[in-house]
Amino acid sequence: MSLLAKKPIPTGKAEVSVASGVLTVKGAKATLTKRVHPSVSITVEPEGVKVTPKDSSKLAKALIGTFASHVKNMVQGVETPYTKKLILDGVGYRMELKGKTLVLTVGFSHPVELAIPEGVAATLEKNALTLASSDKEILGQFAADVRGVKPPEPYLGKGIHYEGEVILRKQGKKAV
């Protein structure tokens with residue numbers, strides 16, 4: 001059984017409710033909802049949120065840790081939004097925000113346009129894109145999509161990478 005699910009998850013100032021298979025977390029900054037799997041039972045108690053399996057199946061035992069983590073991330077996200085910072089390195093590479101669209105010019109024959117999902121705020125300073133959202137799942141997926149357009153290459157390190165990410169560099173050809 002998951003160590004996360006054994007203890008109740010503290011809610012802090014967030015308001016947590018479960019109704020007809022949908023978990024709702026309401027906070028000062030946002031409101032998040034998530035569908036609960038039928039094998040998992042989520043109860044709200046005075047000391048926190050408790051995640052328990054409904055049956056003794058392998059799937060139910062595997063999912064309680066996952067849902068405990070989801071609840072913890074949702075409670076934390078509605079209080080203080082999550083942020084990710086992406087940095088673009090490369091000569092002639094550019095990022096540009098046009099409304100709710102991110103336009104990347106990264107050495108292809110065409111600019112790449114990515115629609116910014118609902119609930120994600122993007123700010124751009126030179127070649128550093130800062131993303132913020134209450135939903136950790138949507139934020140991480142969009143950041144991965146942006147990075148996937150032009151991941152950092154191992155010889156010169158050009159491309160899009162997370163702030164603080166270590167890029168393993170390879171040695172180029174040696175002259176004999």
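**Note on the salt bridges**

1. In this predicted model, the side chains of Glu163 and Lys85 meet in a salt bridge, with an N to O distance of 3.9 Å. The two residues belong to distant parts of the chain, 78 residues apart, since Lys85 is in strand S6 (residues 82-89) and Glu163 lies in the segment after strand S12 (159-162). The distance of 3.9 Å still qualifies because the cut-off for a salt bridge is within 4 Å. Lys85 has a relative accessible area of 28% and is partly exposed.

2. A search of the whole structure finds 3 salt bridges, and another of them joins the side chains of Glu137 and Lys34, at 3.2 Å from N to O. This pair also links distant parts of the chain, with Glu137 in helix H3 (residues 136-149) and Lys34 in strand S3 (residues 31-35), 103 residues apart. Glu137 is partly exposed at 48% relative accessibility, and Lys34 is likewise partly exposed, at 21%. The value for Lys34, 21%, does not count as buried because that class requires under 20% relative accessible area.

3. Helix H3 holds a partner of a further salt bridge, that between the side chains of Arg147 and Glu165, where N and O are 2.7 Å apart. Arg147 in helix H3 and Glu165 in the segment after S12 are 18 residues apart, and the pair is again one that links distant parts of the chain. Arg147 is partly exposed, its relative accessible area being 22%, and Glu165 is partly exposed as well, at 26% relative accessibility.

Terms used
Residues are numbered from 1 along each chain as its sequence is written. This is a predicted model: local features need pLDDT of at least 70, side-chain atom pairs count only at pLDDT 80 or more; totals for chains, interfaces and linings use all residues. Side-chain values use heavy atoms; hydrogens and water are left out. Helices (H or I, at least four residues) and strands (E, at least two) are DSSP runs, numbered from the N terminus. Buried means under 20% relative accessible area, exposed over 50%, partly exposed in between (1.4 Å probe, protein chains only).
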